[in-house]
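Hi everyone, thanks for coming. I'll walk you through one structure today, and I'd like you to keep it open on your screens while I talk.

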Amino acid sequence: MSSNSKRVQVVALITMGFFTLAPVRIMGESVIDTATGWNNSLWVGPIGENLSTIGQTFTVPAFTPQLESFSFWIGVDDFGPLRYAAYVAAWEGTRLTGPLLFETGLQTLPGSGGPRASHFITFNTGGIQLNPAAEYIAFVSTSAFQDDVFDQGVLGFRDADLYPGGQAFYQNNGSDFALLSQNPWVNLSGSDLAFRAGFAVPEPRTLWMALSGALLIFLSRRWCTL
Ligand SMILES: [Ca+2]
């Protein structure tokens, strides 16, 4: 076997190892977006000491099931601070099914000190793998942080069914978080929250193979002319 052939084989082995070990790289994101175009004046809530939980169900895109982030518009009035957390869980029909898949821990928004203040809040999940085409809910809740001190927050609401893969729900579960799995949530007339979810789009493997193949051919030709 010639030295050039050996070199080509070495390159081929390196390339194969590259395919095996290369992490899935993120090329961009696919989104569910009912937040764009929201008028900054239509709200639902408030979440506080009784109606403590509001969320939006969504259907995971079939080919981009890794949830990277989700966002809500949250409004705070001249009360506060608003103490809440954001969560993701599997959903079926009108309630949670299964354990929490993501939770932020305590989040705090200060009282507005005047007219309602609007905050577009994005929660980064770090990338959680969901089941393609399955239904989940992303929600915010004050349920775990109730202290009988009056605090309120409201969520941006579209009052229309802009997104066919999900809808807005709420529950008056007070401080009992377990009720979110036990009792049916209330549907908000089939409408959606002002909501955004971002899913990772992996770089196509075919692109990797094409580029690496081109590199292999280039190197083998170069060495063969040495
Ligand atoms: Ca909808």
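Let's start with a turn. Strands β5 and β6 make a hairpin, with two residues between them. One residue in that turn is G93, and its phi is positive, about 70°. Before going further, please keep in mind that this is a predicted model.

Now look along the hairpin itself. β5 and β6, where β6 covers residues 95-103, pair in the antiparallel sense over six bridges. You can find two of the facing pairs yourselves: E92 stands opposite R95, and W91 stands opposite L96.

Which other strands pair with β5? One is β7, residues 107-109, which is antiparallel to β5 and linked to it by three bridges. There, Y84 has Q107 as its bridge partner. Another is β9: six bridges join it to β5, and the two run antiparallel. In that pairing, A90 is matched with Y136.

Okay, let's step back to the chain as a whole. It has 226 residues, and 31% of them count as buried. In terms of elements, we have three helices and 13 strands. And if you take contacts between residues at least 6 apart in sequence, 85% of them join residues at least 24 apart.

How confident is the predictor? The mean pLDDT of the chain is 85, and 79% of residues reach 70 or more. Please be careful with residues 8-23, though, where pLDDT stays under 50. For that stretch the model has 10 contacts beyond four places in sequence.

Next, the inside. The largest nonpolar core holds 43 residues. Among those with the most contacts inside it are I54, F72, Y136, V140 and A197. You've already met Y136, as the bridge partner of A90. Several strands give two or more residues to this core, including β2, β3, β4, β9 and β13. So which element gives the most to the core? That's β5, our hairpin strand, with seven residues.

Let's zoom in on A197. If we leave aside its neighbours within four places in sequence, A197 is in contact with V31, I32, F58, L67, F70 and A138. Click on those one by one and you'll see where they sit along the chain.

Now two loop residues, to practise reading burial. First, A35, which sits in the loop between β1 and β2. Is A35 buried or exposed? It counts as buried, because it has 20 C-beta neighbours inside 10 Å, and 20 or more is what buried requires. Beyond four places in sequence, A35 touches S71, W73, G156, A194, F195 and R196. There's also a nice distance to check: A35 and F120 are 85 residues apart in sequence, but 9.2 Å apart in space, C-alpha to C-alpha.

Second, F79, in the loop between β4 and β5. With 15 C-beta neighbours inside 10 Å, F79 counts as partly exposed. Its contacts, again skipping residues up to four places away in sequence, are G111, F150, D151 and Q152. And the C-alpha atoms of F79 and R116 are separated by 9.6 Å, with their positions 37 residues apart along the chain.

Last part: backbone oddities. Most residues other than glycine have a negative phi, and most peptide bonds are trans. Here are some exceptions to look for.

The peptide bond from G45 to P46 is cis, with omega near 5°. P46 has its place in strand β2.

Then there's A133, in the loop between β8 and β9. Its phi is near 70°, a positive value in a residue other than glycine. Where does A133 stand on burial, buried or exposed? A133 is exposed, since it has 12 other C-beta atoms within 10 Å, and 12 or fewer is the cut-off for exposed.

S189 is another residue with a positive phi, near 60°, and not a glycine either. S189 lies in the loop between β12 and β13. It counts as exposed, because it has 10 C-beta neighbours inside 10 Å.

To wrap up, go back to β5 on your screens: β5 forms the hairpin with β6, pairs with β7, is joined to β9, and gives the most to the core. Okay, over to you for questions!

Terms used:
Residues are numbered from 1 along each chain as its sequence is written. This is a predicted model: local features need pLDDT of at least 70, side-chain atom pairs count only at pLDDT 80 or more; totals for chains, interfaces and linings use all residues. A nonpolar core is a set of buried Ala, Val, Leu, Ile, Met, Phe, Trp, Tyr and Cys residues joined through C-beta atoms within 7 Å. Helices (H or I, at least four residues) and strands (E, at least two) are DSSP runs, numbered from the N terminus. Two residues are in contact if their C-beta atoms, placed from the backbone, lie within 7 Å. Two strands pair if DSSP finds at least two bridges between them. pLDDT is the predictor's confidence in each residue, from 0 to 100.
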